[in-house]
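Hi,

Here's the structure I said I'd pass along. Have a look at it first, then read on for what turned up.

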Amino acid sequence: MVLYLHELKRSRLSLIIWSLAVAYMLAICVFIYPEMGSQMDEMSAMFADMGAFTEAFGMDQVNFGEFLGFFSVECGEMMGIGGGIFAAIVGIGALAKEENDKTADFLLTHPIPRGNIVLSKLLSAVTQIVIFNAVIIGITAVSILAIGEEPSVKKLALIFLSYFILQLELAFICFALSAFMKKKAMGLGIGLSLGLYFVNIVSNITEEAEFLKFVTPYSYTETAYIMENESLEVKFLLIGAAVAAVCLFAAFKKYTSKDIAN
C-alpha cells in the first residue's frame with residue numbers, strides 16, 4: 001500500500017496535466033457543437049464526398065448532424081489520441097523508472113517481494129487511468145448539460161467505456177515492455193500508441209486491410225458499431241483480454257527474475 005500511494009504521488013503532476021488538458025479539449029469540442037448546428041447538414045454532405053478520408057475516420061457510418069455522431073468523430077479522436085498516449089506513458093515507465101532514476105537500490109533493500117512491487121505499480125497505473133477517465137467524463141457531462149443536449153446515456157457510456165478499455169490494453173502492453181527495459185522509453189510508448197492508431201485508420205480504408213482490426217486495440221472504439229448495436233464487439237474484446245493477460249504474465253515473470261541495475 002505504501003509503494004502504491006508513493007507511485008500515485010510521484011505521478012500526480014502528469015496525471016493532473018493530462019486529465020485537464022484532454023478534458024478541456026473535449027469541453028471545447030462539445031461547446032462548439034451548437035454553433036455548428038445550422039451547418040451540420042452541409043458538413044455531412046461534404047464529408048460523404050471525401051472518399052477514403054471519410055472511411056478512415058468512420059464518418060461515412062455515423063450521422064454527423066446528430067450530437068452523438070459529431071461527438072463520436074470529433075471528441076473520439078481526441079480521446080483516442082490523447083488517452084492512448086497518456087496510457088502508454090503511464091505503462092512504459094512503470095517498471096523501468098527505478099533503474100532509470102537510480103532508485104532501484106533503495107527500493108529493493110526493503111523487505112518487499114518483487115511480485116508485490118509489480119502489483120503495486122500495476123495498480124497505480126490502473127488507478128491513474130481510472131482517475132483520468134473520471135475527470136474527462138465528469139467535465140464532458142457538465143459541458144453536455146450546459147449546451148442542453150440529451151444524448152443516449154447508454155451509447156455515450158459505451159463510447160467512454162471503449163476508450164477506457166483501449167487505454168488499459170495500451171497500458172498493459174507498455175507495462176510489459178517496461179519490465180524488459182532499463183530506461184524509460186517514452187518515445188517508444190508514444191510511437192506504439194500512434195502506430196496502432198494509424199493501423200486502425202488503414203483498416204477502415206480498404207476491405208483488404210480489415211484483418212488489421214484484430215491487431216489494434218483501437219478497433220474497440222468503432223463508434224458506428226456502438227451506435228447501431230449499443231454494445232462493443234465481443235470478438236475484439238476477447239482478443240484484447242488475451243493480449244492483456246499475456247502482457248501481464250510476461251511483466252511479472254520478467255521483473256521477478258531479472259537482474260536490476262542499481
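Y24 counts as exposed, because its relative accessibility is 57% and the cut-off for exposed is over 50%. Bear in mind as you read that this is a predicted model. You'll find Y24 in helix 2, which covers residues 12-36. Together with M25, I28 and I32, Y24 makes a nonpolar surface patch of about 380 Å².

Now for the inside. The largest nonpolar core has 56 residues, and the ones touching the most other members are F71, M79, I159 and F175. Several helices feed into this core with at least two residues each: helix 2, helix 5 (67-92), helix 8, helix 9 (153-179), helix 10 (186-205), helix 11 (223-229) and helix 12 (234-255). Helix 9 gives the largest share, 14 residues.

If you want one residue to click on, try I159. Leaving aside residues up to four places away in sequence, I159 touches L68, F71, S72, M79, T223, I226 and M227. There's also a second core, separate from that one, with six residues, including A88, I92, A96 and C174.

Helix 8 is worth a look too. This helix runs over residues 114-146, so its 33 residues should span 48 Å at 1.5 Å a residue. The C-alpha atoms at its ends are indeed 48 Å apart, so the expected span and the model agree. After helix 8 comes G148, which has a positive phi, near 80 degrees.

Which residue has a positive phi although it is not a glycine? That's E230, with a phi of about 55 degrees. E230 sits in the loop between helix 11 and helix 12. Its relative accessible area is 32%, so E230 is classed as partly exposed; the range for that label lies between the buried limit of under 20% and the exposed limit of over 50%.

Last stop: V234, which belongs to helix 12. Is V234 buried or exposed? With a relative accessible area of 51%, V234 is exposed. Its C-alpha atom is separated by 9.0 Å from that of Y220, and the two residues are 14 residues apart along the chain.

That's the tour. Shout if you'd like to go through any of it together.

Cheers

Notes
Residues numbered from 1 in each chain as written. Predicted model: local features only at pLDDT ≥ 70, side-chain atom pairs only at ≥ 80, totals over all residues. Heavy atoms only, no water. Patch = residues over 30% accessible without salt bridge, like charges linked within 9 Å, V, L, I, M, F, W, Y side chains within 5 Å. Areas by Shrake-Rupley, 256 points an atom, 1.4 Å probe, with all protein chains shown as cover. Salt bridge = Lys/Arg side-chain N within 4 Å of Asp/Glu carboxyl O. Helix = DSSP H or I, 4+ residues; strand = E, 2+ residues; numbered from the N terminus. Buried < 20%, exposed > 50% of the residue type's maximum accessible area, 1.4 Å probe, protein only. Expected span 1.5 Å × (residues − 1). Core = buried A, V, L, I, M, F, W, Y, C linked by side-chain atoms within 4.5 Å. Contact = heavy atoms within 4.5 Å.
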